[in-house]
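Colleague: Before I rely on the vocabulary used for this model, I would like each term set against its definition. Could we go through them one at a time?

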Amino acid sequence: MTDTGRAAVFLGPGKGYEIQEFDVPTPEPDGIVIEVSMAGICGSDLHIWRGDSPLFMAMAGGVAGHEMTGRVHSLGSNIKTDSLGKPLKEGDRVAYAYFYPCNRCYQCNRGEFAACPQKVARMGASISRFSGAYGQYYYLKPGGWVFKVPDQVTDAMATPVNCALSQVTYGLQHAGLRYGDTVVVQGAGGLGLNAIAVAKEMGADAVIAIDGVPGRLELAKRFGADEVIDITENPTPMDRIAKVKGLTGGRGGDVVVEVVGIPEAVPEGLQMVREGGTYLEIGNISFGRTAQIDPSQLVWGSKRVQGVVMYDPWVIPEALEFLVRTKDKYPHEDVVSHTFALDEINEAFQNSEWLREGDATKVNRAAITMR
Ligand SMILES: [Zn+2]
Ligand SMILES: [Zn+2]
């Protein structure tokens, strides 16, 4: 008799989710079936749910979500250890990547797994319908990176490891953040809050966070932000650029991180980068949405733009160690302000909608618990 489990199938932009039941697969020799404990609602999930790009229509019919943690339900016959060689058995708590570099391309051969052009396309094809975070199970396909979660790290802390935390850790390293740098973070949502703490731990001298939601600015300070800029008090881009310049001796940030996810943030952020500094672009995942920039600012300002999506495998264990090390230093569990059951997923997304301006009941960040 096959076991079954429930998962939320994405009906398409603007249509929400429908809970369906699927068979729990028997893993291939190199696959792992994971029982999901908790799944996060990331800004990317909101872009897709809302339909910010017509191309997101292609995601309809699948189980969505990518930010999650869980425990091993069943191991393929070849799997004895995690990706670091630590013994792995049923019931172990794990963090894992949700994308699959191909190991058969120019980038993979250079060890640049995060830049593999196939890493996202390979997420879909699977022996199981459990291919996303919003389900009771997730099938980690052969080749997927998997790491044991240390006991000190709770499920709530481990949930953002495979997206928000690893993404900003990889991004800041890729951007070349150095000891003593000043970092500006545009957007203090899940990615932004993690970026603040990671930047501080990497040796940033000062971190300036920009957001318009009071609760988030408060949280940004608890995550280590030295200064916060409130968008409601600084309503125009010129106000905010002046504020950043004022806080950095007129220079701007060594590294400016965009994790707002709207194109308009880019021309503004570029002007917050000091001459010779780096703009780290992470948030804009919606295809075909554009912003106007003045390229001469890059030339005359000797500025570098670094885009990243996803990460290399070593980042996950580093992120887990970061959580162990800073468990009592930053309020990691407070990033998620509201939790919902899988059956309440439509409500969870409606409540996460950040564009509902002026709604005091707005959820800072939601997560789905599977039981
Ligand atoms: Zn994400
Ligand atoms: Zn590849």
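**Terms and their cut-offs**

Modeller: Of the 371 residues of the protein chain, 48% count as buried. This is a predicted model, in which local features need pLDDT of at least 70 and side-chain atom pairs count only at pLDDT 80 or more, while totals for chains, interfaces and linings use all residues. Residues are numbered from 1 along each chain as its sequence is written, and chains are lettered from A and ligands numbered from 1 in the order in which they are written.

Colleague: What makes M310 buried?

Modeller: A residue is buried if 20 or more other C-beta atoms, placed from the backbone, lie within 10 Å of its own, exposed if 12 or fewer do, and partly exposed in between. M310 has 21 other C-beta atoms within 10 Å, and therefore counts as buried. M310 lies in the loop between β13 and α11, and its phi is near 70°, a positive value in a residue other than glycine.

Colleague: Why is N103 called exposed?

Modeller: N103 has 11 C-beta neighbours inside 10 Å, so it counts as exposed. N103 is found in the loop between β5 (93-96) and α2 (106-109), where its phi is near 60°, again a positive value in a residue other than glycine. The C-alpha atoms of N103 and G143 are separated by 9.3 Å, although the two residues are 40 apart along the chain.

Colleague: How do you know that helix α5 is largely enclosed by the rest of the structure?

Modeller: Helices (DSSP runs of H or I, at least four residues) and strands (runs of E, at least two) are numbered from the N terminus. Helix α5 covers residues 164-174, and 9 of its 11 residues are buried, so it is largely enclosed by the rest of the structure. Among the buried residues of α5 are A164, L165, V168 and Y170. What covers them includes α6 (190-201), β11 (253-258), β12 (273-281) and α11 (315-326). After α5 comes G176, with a positive phi near 80°.

Colleague: What makes β8 and β9 a pair?

Modeller: Two strands pair if DSSP finds at least two bridges between them. Strand β8 (residues 182-186) and strand β9 (residues 206-211) are joined in the parallel sense over 5 bridges, and thus count as a pair. In β9, A209 is the bridge partner of V185, and I210 is that of Q186. As for the cover of β8, 5 of its 5 residues are buried: T182, V184 and Q186 point one way, and V183 and V185 the other way.

Colleague: Why are β10 and β13 called edge strands?

Modeller: They belong to an open sheet of 6 strands in the order β10-β9-β8-β11-β12-β13, with parallel pairing. Strands β10 (227-230) and β13 (304-307) each pair on one side only, and are the edge strands.

Colleague: How many domains does the assignment give, and what counts as contact between them?

Modeller: The bounds come from an automatic or database domain assignment, which gives domain 1 (4-149 + 337-369) and domain 2 (175-307). Their centres, taken over C-alpha atoms, are separated by 28 Å. Two residues are in contact if their C-beta atoms, placed from the backbone, lie within 7 Å, and the contact takes 10 residues from domain 1 and 12 residues from domain 2. On the side of domain 1 that touches domain 2, the largest share, 3 residues, comes from helix α1 (residues 43-50).

Colleague: Why is the chain called as compact as a globular protein of its length?

Modeller: The secondary structure of the chain comes to 12 helices and 15 strands. Its radius of gyration is 20 Å, close to the 21 Å that the globule rule gives for 371 residues, so the chain is as compact as a globular protein of that length. The radius is taken over C-alpha atoms, and the rule is 2.2 Å times the number of residues to the power 0.38. The C-alpha atoms fill a box of roughly 70 × 40 × 40 Å, taken along the principal axes.
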